[in-house]
Amino acid sequence: MIKKSLISSLALALALGVGVSAAQASDTNLYHRLGGKKAINAIVIEFINNINADNRISVRFAHTDLVHLKKMLDAQICADSGGPCKYKGKSMKDAHAGMNIQDSEFNALVEDLVKALDKHKVQDKEKNDLLDILGPMKPDIVGQ
């Protein structure tokens, strides 16, 4: 079961999964356990689709360069999960400055991420490990 308290305090986006083998699942590196770049890419695409379909938050992304957002999410999740990528985007605080994002919007975003993870059959351990990495970003996103 996914940690409900952590889900409600997650941060920005991200994702992973798709066809993880038993050998990958035993690897201690989250990036490999999640399936690597191809899996991250698939989850991020699904995540962005979920956001666009979510009436609670889609308006927040109406003027967002979705190609750039996808690139940043791919790199951030890859890097934060121990992969070879380098995240070169803004800090979460700088990226969300002046947006005044509310807890309810943040929680909706997290739900959309979890929905993408579930669609790609990411196991609970990997979901929780990813949420544990992303969760501490919330204070730099909400209320900025």
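Which side chain meets that of Arg-60 in a salt bridge? In this predicted model, the partner is Glu-105, with N and O 2.9 Å apart. Arg-60 sits in the loop between α4 (36-53) and α5 (66-80), while Glu-105 belongs to helix α7 (residues 103-119), so this contact ties together parts that are 45 residues apart in sequence. The two ends of the pair also fall into separate exposure classes. Arg-60 has a relative accessible area of 28%, so it counts as partly exposed. Glu-105 comes out at 16%, and that makes it buried, because the cut-off for buried is under 20%.

That pair is part of a longer list, as the count comes to 11 salt bridges. Another one joins the side chains of Arg-33 and Glu-126, at 2.8 Å from N to O. Here Arg-33 lies in helix α3 (residues 30-34) and Glu-126 in helix α8 (residues 124-134), so the bridge links parts of the chain that are 93 residues apart in sequence. As for exposure, Arg-33 and Glu-126 are both buried.

Helix α8 also holds a salt bridge of its own: Lys-125 and Asp-129 both lie in it, four residues apart, which is about one turn of the helix. Their closest N and O atoms are 3.0 Å apart. Buried or exposed, where does each of these two fall? Lys-125 reaches 52% relative accessibility, so it counts as exposed; the cut-off for that class is over 50%. Asp-129, with a relative accessible area of 17%, is buried. Put the pieces together and a network appears: salt bridges link Arg-33, Lys-125, Glu-126 and Asp-129. Behind all such contacts is a simple idea, namely that side chains of opposite charge can pair when their charged atoms come close.

Then there are the cysteines. A disulfide is a covalent bond between the sulfur atoms of two cysteines. How many disulfides does the model contain? The count comes to one, and it is formed by Cys-78 and Cys-85, whose sulfur atoms are 2.1 Å apart. The link between Cys-78 and Cys-85 is right-handed, with 80° about the S-S bond. Cys-78 and Cys-85 are both buried, just as Arg-33 and Glu-126 are.

Conventions
Residues are numbered from 1 along each chain as its sequence is written. This is a predicted model: local features need pLDDT of at least 70, side-chain atom pairs count only at pLDDT 80 or more; totals for chains, interfaces and linings use all residues. Side-chain values use heavy atoms; hydrogens and water are left out. A disulfide is a pair of cysteine sulfur atoms within 2.5 Å. Buried means under 20% relative accessible area, exposed over 50%, partly exposed in between (1.4 Å probe, protein chains only). A salt bridge is a side-chain nitrogen of Lys or Arg within 4 Å of a carboxyl oxygen of Asp or Glu. Helices (H or I, at least four residues) and strands (E, at least two) are DSSP runs, numbered from the N terminus.
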